[in-house]
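Reader: Please take a close look at the interior of this protein. I should like to follow how its buried side chains pack and how its aromatic rings are placed.

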Amino acid sequence: GKQMIFKLPFGLSMANAKSIQLLHFPPIEAFVYMDYIFSPTNRHWENLLGYNNFDHFQFAELESIVDCVPLAAPGADNTGINPFNFSFTPYVKKMLQARLIPAGQTTQSVIACGGPVHEWLENAFPDQIQTDLKTLSLIELNILDNGVKTPVLCANHPSQYLYFVGKEYTPEKKEVLIQDLIATGWQAKMAYGTDMSPSELLSSLQTYWNNSPQVMKIMDQLDLEFNYKY
């Protein structure tokens, strides 16, 4: 079978996390570079944070990653990973709890990236999630088991848009990019203070990015940067 390696968290990923990215599984390349966030997937997410006027010196503060399946595998190996999608739920909950810090009645936010992650949430918190999650679904979860709520926004997987890179314009390509810009804007502003509630902030960003003339320019810039790979 294809190579898979159990991957524990390392570095500063558990120290004073400003936000948490909940992903499906880590890429096997992380063992080559020993730098999870060097991958095109994560650098694309950083670009989108930048388009939301987030300081690039603070990118890493939003990149505390928790994987639903902590098995590093080739990036397109969903078939090898999927049988383990719900095998590590107690471990993943502990990893989330280790990073969440109460501040009043809430914790930092979580960005849940991709369909398998949305399904993991539904499976892990069936008593709290009553609807089918999809991109830009916004929920509050009691992950710490003490009444403190964690705002969770469902997003596309950061790699999803990269499959459109270098290809001709389609409404779907634009829709996915707008969804990603909304999600990264929400993540950044939730991490560094806003007077808005999570739902008010999401609504404001949806209005902004769905009407922004910058979207097509951003699309062209991403085509230039990432077309070498896709």
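Author: Two residues are in contact here when heavy atoms of one lie within 4.5 Å of heavy atoms of the other. The model is a predicted one. With contact taken in that sense, the buried residues of helix α4 pack against β2 (19-23), β3 and α5 (115-124). The residues concerned, within the span 89-99 of α4, are T89, V92, M95, L96 and R99. Viewed down the helix axis, they fall within an arc of 120 degrees and therefore line one face of α4. The face turned away from this buried side carries P90 and K94, both exposed. Between these positions in the sequence, K93 lies over the face of F125, 4.8 Å from the ring centre.

A strand offers another view of two-sided placement. In β6 (residues 138-141), I139 and L141 point to one face and are buried, whereas L138 and E140 point to the other face and are not buried. This strand pairs with β7 in the antiparallel sense, over four bridges. Within that pairing, L138 stands opposite L153 of β7.

The interior itself may be taken next. Of the protein's 230 residues, 49% count as buried, and the chain holds eight helices and seven strands. The largest nonpolar core has 35 residues, of which Y161, L177 and W209 touch the most other members. Two or more residues come to this core from each of α2, β5 (109-113), β7 (150-155), α6, α7 and α8 (214-226). Helix α6 gives the largest share, nine residues. Apart from this core lies another, of 29 residues, which includes I20, A73, L133 and C154.

W209 deserves a closer look. Its relative accessible area is 3%, and because anything under 20% counts as buried, W209 is buried. Leaving aside residues up to four places away in sequence, W209 touches Y51, N52, I178, L181, I182, Q214, V215 and I218.

The aromatic rings complete the picture. A pair of such rings is described by the distance of the centres and the angle of the planes. The whole structure contains five aromatic pairs. In one of them, F54 and Y192, the ring centres are 5.5 Å apart and the planes stand at 50 degrees; because this angle is neither under 30 nor over 60 degrees, the pair is tilted. F54 lies in the loop between α2 (40-51) and β3 (64-67), and Y192 in the loop between α6 (171-191) and α7 (198-210), which places the partners 138 residues apart and makes the pair a link between distant parts of the chain. The two partners differ in exposure: F54, at 10% relative accessibility, counts as buried, while Y192, at 33%, is partly exposed. Y208 and W209 form an edge-to-face pair, with 4.9 Å from centre to centre and 85 degrees between the planes. F54 and Y192 also belong, with F59, to one aromatic cluster.

Links across the sequence appear in the contacts as a whole too. Among contacts between residues at least 6 apart in sequence, 72% join residues at least 24 apart.

Conventions: Residues are numbered from 1 along each chain as its sequence is written. This is a predicted model: local features need pLDDT of at least 70, side-chain atom pairs count only at pLDDT 80 or more; totals for chains, interfaces and linings use all residues. Side-chain values use heavy atoms; hydrogens and water are left out. Rings of Phe, Tyr and Trp (its six-membered ring) pair if their centres lie within 6.5 Å; planes under 30 degrees apart count as stacked, over 60 as edge-to-face and the rest as tilted. Buried means under 20% relative accessible area, exposed over 50%, partly exposed in between (1.4 Å probe, protein chains only). A charge sits over a ring if NZ of Lys or CZ of Arg is within 6 Å of the ring centre and within 35 degrees of the ring normal. A nonpolar core is a set of buried Ala, Val, Leu, Ile, Met, Phe, Trp, Tyr and Cys residues joined through side-chain atoms within 4.5 Å. Two strands pair if DSSP finds at least two bridges between them. The arc is that of the directions from the helix axis to the C-beta atoms.
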